[in-house]
Amino acid sequence: MTTVPEALLAPLTPPPAPAPQDDIVPGLVAPSDRLLCWEPGEKAEWEATGPAAPCTPEALEDALSAYAAGFRDDRRLAVLFAGAPEDAVRPHLAGWRPEGWDMAEPLKPVVARFGLDARDAALHAATARRDAAAILLPFLDAEVALLMARWAHRAPTTRDLTEAWFGRHGTAAVPLLTPAALGGKPGRRRDAVHALRLIAVSRGPGPVAEAAAPYG
């Protein structure tokens, strides 16, 4: 029979329960996989928000030159990345760190088009300004999971977003959070425990414990 940790059975009532200290297991490492998990039809919807007409390589080069000179317009660059030829865009995605107001919508067609190649840009935009955080909904990896756990625990204004993210990924997020819940620094540990309890409320504590079982 699977033993369910007490931390997953505690009621979700404020103030949040402190992370238990008797189950610390240092040295655990979360999986390094990065995944994109689309809802039915979602990728096509995001693609459809891109520009109606293709962007020329010349327009892209002009925008990149202006960007390098300090004239940052990440929304404009996102439109060009969504519409310019892929081979002209892809080399610039790895180092792109978009910031600015409401980047979620302009980033949607970029993420739909380039997938995980756009992950770092999306994560930076979301951490720079939370009004862009919805762009992270399809991404599933340890860094994103821990960010959602922190927001779920400490940022009440992100409740709709974090509920949507954990509702989508469910127990698939458990292996990504377990190392922090069992051996992370105190703040991160409390965040991860809180997130595991949220998943346990919606999916049941048994499935959460089973998803964490590979850690022993």
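Helices H11 and H12 are oblique to each other in this predicted model, because their axes cross at roughly 130°, and angles count as oblique when they are neither under 35 degrees, nor over 145, nor from 65 to 115. The two axes come within 7 Å. H12 covers residues 205–212, while H11 spans residues 186–203.

Which residues of H11 meet H12? They are Leu-196, Ile-199, Ala-200 and Arg-203, and their partners in H12 are Pro-205, Pro-207 and Val-208. By type, the residues of this contact divide into six nonpolar, no polar and one charged.

H11 also packs against helix H10, residues 174–183. Here the angle is about 135° and the axes lie 7 Å apart, which makes H10 oblique to H11. The crossing of H10 and H11 is left-handed. From H10, the residues Val-174, Leu-177, Ala-180, Ala-181, Leu-182 and Gly-183 take part. On the H11 side they meet Arg-188, Arg-189, Ala-192, Val-193, Ala-195, Leu-196 and Ile-199. The residues of this contact divide into 10 nonpolar, one polar and two charged.

Here are the two helix pairs side by side.

| Helix pair | Angle between axes | Axis distance | Residues in the contact |
|---|---|---|---|
| H10 and H11 | about 135° | 7 Å apart | 10 nonpolar, one polar, two charged |
| H11 and H12 | roughly 130° | within 7 Å | six nonpolar, no polar, one charged |

Leu-196 and Ile-199 of H11 appear in the contact with H10 and again in the contact with H12.

Let's stop at one residue of H11, Val-193. Is Val-193 buried or exposed? With a relative accessible area of 6%, Val-193 is buried, because buried means under 20%. Val-193 is one of the H11 residues that meet H10. Its C-alpha atom is separated by 8.0 Å from that of Leu-177, and the two residues are 16 residues apart along the chain.

Elsewhere in the chain, helix H7 (residues 119–128) has its own set of buried residues: Arg-119, Ala-121, Ala-122, Leu-123, Ala-125 and Ala-126. What covers them? The cover includes helix H6 (104–114), strand E2 (139–140) and helix H8 (142–154).

Finally, a word on cysteines. How many disulfides are there? The count comes to zero, with a disulfide taken as a pair of cysteine sulfur atoms within 2.5 Å. Cys-37 is partly exposed, with a relative accessible area of 25%, whereas Cys-55 counts as buried at 13% relative accessibility.

Technical notes: Residues are numbered from 1 along each chain as its sequence is written. This is a predicted model: local features need pLDDT of at least 70, side-chain atom pairs count only at pLDDT 80 or more; totals for chains, interfaces and linings use all residues. Side-chain values use heavy atoms; hydrogens and water are left out. Axes are lines fitted to C-alpha atoms, for helices over the stretch in contact, and angles run from 0 to 180 degrees between N-to-C directions. Helices (H or I, at least four residues) and strands (E, at least two) are DSSP runs, numbered from the N terminus. A crossing is left-handed if the near helix is turned anticlockwise from the far one by less than a right angle, and right-handed if clockwise. Contact means heavy atoms within 4.5 Å. Ala, Val, Leu, Ile, Met, Phe, Trp, Tyr, Cys and Pro count as nonpolar, Asp, Glu, Lys and Arg as charged, and the others, Gly among them, as polar. Buried means under 20% relative accessible area, exposed over 50%, partly exposed in between (1.4 Å probe, protein chains only).
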